[in-house]
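Please open the model in a viewer and keep the sequence panel at hand. The tour proceeds by selection, and each stop states what is to be found there.

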Amino acid sequence: MTLVAGADFGTLSVRVTIMDTDAARVVATAVAEYPLKRSDSDPHLAQQAHSDHMEALTSAMRSAIADAGIDGTEIAAFAADTTGSSVVVVDETLTPIDDYYLWCDHRAAREAAEITEAAHADGIEAIRWCGGVYSHEWGFAKLLHFLRHNPGLRDRAATALEHCDMLVATLCGITDPREVPRSVCAMGHKWMWGERWGGYPPQDFLSRVDPLLDGWVARMGGRFGTATEIAGHLSPDWAERLGLRAGIPLPFGAFDSHWDAIAAGCRQGDIVNVVGTSTCIIAEGPPDMEAVPGICGAVPGSVVPGAMGVEAGQSATGDIFSAIAARAGTDVATLMQKVGTPAPGASGLLRLVWDNGDRTVLVRPDLGGVTLGWDLGHRPEHELHAAIEGMAMHVRVITERMRAGGLEAARIINGGGIPPKNPLLNQVYSDVIGTDVYVPEHPSTGIGACIFASVAAGAFPSVKDAQSRLSPRLTVYRSDPERHAAYAALFELFSDLYFGFGEGRPVDLGRVLPTLRRYRTGAAA
């Protein structure tokens, strides 16, 4: 029996999963929460403390070991994924000098816009591989915002780390910035790093964006690797704290959505919608795939070696469903029971799901949610149904952009925590997109980390072999041709309004509300 452990750090909690790789079963899971720091005066702020992350990991690991009834020293390897871009600035001993800028911290919009403008002006190759826009959610924008707004801490700032890299460095007892393990997944997607242009963008480019970035290319050094490579080994100190054996291998970390996609069975040609509080859309493209405008990152080897890792997403999904339910004084599960199984567009509402801005394909943090078609008879369940349809239509916009850029889209998989619990969502996605949707039979959160831990432990020779044993089976939601056809006019409206509000394209607004009223009354067909 080979036991491995994996940790999945989400926005509000960490989940530790222990798997028996021989039996291909989960032995135990445990969850520990940590606080998210928000500000009433600045809704864009979202921070967390490194110490809170580590305390939660310790608690969850020890609980999982106890629940499994095992000796923690039997665990052969450990791997962890995290949110991103979640950035912490540290001193020369890798001690944080402030809290993380969490992935959902959107304060760096100005900095991102300046980086984007300068990158296009200078012809920086990396900006093409960011989809043409550098996001307010990404590393250099957050670092520059930190430097501008914390002058008293600048002299102590030695380097900045993504959460997945800080975690591995901490667990391995690494205290030298020159020895930091840097995830190709994290640095490629969020920090404009790429082998084809020699690493980061040129220092003189960053210095022209703002002299506060002088010298930061050199400060962001370290050892770069993919998730199939060993980043280090568990230190005696952290082995004792976690209840594990010192010296077990830890692979380079990665982002939660990328490993959730692997857990859901992603292979080359697939597109995986990792649906949770937000949605990250992960795909494995051909290694010679070119950059795609509006798609927020294409990085060789970021998901698995030998494939182009492609990332896109929605800035809020489950969070929007929860907000709708909260306004109605209930929860999502209860409100979903009232939704039932309505016909396409039956609510007569059309929802642009920008409640937390647009991540892909517009990359616009300044957008807000829009719902059109209200009448006096509408209830919260109608808005929830419209929000699910809006999510599906937005995913279709993204999927079509990916296909136009050279992705096969052999399968659409709905992974993450929500799809196994929400059959209506999966069927709507299938009918809107016009292709079958595959869904893991049970939530796969944490299994991706165990897959990479099992490869690090030598239990499987490759990620593909580990997936074939450890990934959950998939349920298929068949696309209904009649329902897909019924969505045609609604998707046309959605697409027109999406690019009309988002890019200023001309839109015939006079047909919007009458079309929605026909859907409401059942006369759209």
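The stops below cover aromatic rings, a strand pair, two loops and some backbone exceptions.

**Aromatic pairs**

The coordinates come from a predicted model, and the structure holds 11 aromatic pairs. Begin by selecting Tyr 101 and Phe 146, whose rings meet edge-to-face, with 6.5 Å from centre to centre and 75° between the planes. Because Tyr 101 belongs to strand S7 (residues 100-101) and Phe 146 to helix H4 (residues 139-149), this pair ties together parts that are 45 residues apart in sequence. Tyr 101 is buried, at a relative accessible area of 4%; Phe 146 is also buried, at 1%.

Next, select Tyr 134 and Trp 138. Their aromatic pair is edge-to-face as well, with centres 5.2 Å apart and planes at 85°. Both of these residues are buried.

For a wider grouping, select Phe 140, Trp 191, Trp 193, Tyr 200 and Phe 224, which form one aromatic cluster.

**Around Tyr 101**

Return to Tyr 101 and add Arg 107 to the selection: Arg 107 lies over the face of the Tyr 101 ring, 4.2 Å from the ring centre. Then add Asn 150, which is located in the loop between H4 and S8. Apart from neighbours within four places in sequence, Asn 150 is in contact with Asp 98 and Tyr 101. Is Asn 150 buried or exposed? With a relative accessibility of 19%, it counts as buried, because the limit for that class is under 20%.

A second charge over a ring is found by selecting Arg 241 and Trp 238: the charged end of Arg 241 sits over the Trp 238 ring, 4.1 Å from its centre.

**Strands S6 and S8**

Select strand S6 (residues 87-90). Val 87 and Val 89 point one way from this strand, Val 88 and Val 90 point the other way, and all are buried. Now display strand S8 (residues 159-162), which runs antiparallel to S6 and is joined to it by four bridges. Which residue of S8 is the bridge partner of Val 88? The partner is Leu 161.

**The loop at Pro 287**

Move to Pro 287, in the loop between strand S15 (279-285) and strand S16 (298-300). Pro 287 is exposed, with a relative accessible area of 52%. Setting aside residues up to four places away in sequence, Pro 287 touches Gln 268, Gly 306 and Met 308. For a distance check, select Gly 301: it lies 14 residues from Pro 287 in sequence and 8.5 Å from it in space, C-alpha to C-alpha.

**Backbone exceptions**

Most residues other than glycine have a negative phi, and most peptide bonds are trans. The remaining selections depart from that pattern.

- Gly 84 and Ser 85 are joined by a cis peptide bond, with omega about 5°. Ser 85 lies in the loop between strand S5 (75-82) and S6.
- Thr 360 and Val 361 are linked by a cis peptide bond, with omega near 10°. Val 361 is in the loop between strand S18 (350-352) and strand S19 (370-372).
- Val 363 is in the loop between S18 and S19; its phi is positive, near 55°. Val 363 counts as buried at 11% relative accessibility.
- Met 192 has a positive phi of about 60° and lies in the loop between helix H6 (184-190) and helix H7 (203-209). Met 192 counts as buried at 1% relative accessibility.

Technical notes. Residues numbered from 1 in each chain as written. Predicted model: local features only at pLDDT ≥ 70, side-chain atom pairs only at ≥ 80, totals over all residues. Heavy atoms only, no water. Phe/Tyr/Trp six-rings, centres within 6.5 Å; stacked < 30°, edge-to-face > 60°. Helix = DSSP H or I, 4+ residues; strand = E, 2+ residues; numbered from the N terminus. Buried < 20%, exposed > 50% of the residue type's maximum accessible area, 1.4 Å probe, protein only. Lys NZ or Arg CZ within 6 Å of the ring centre and 35° of its normal. Contact = heavy atoms within 4.5 Å. Pairing = 2+ DSSP bridges.
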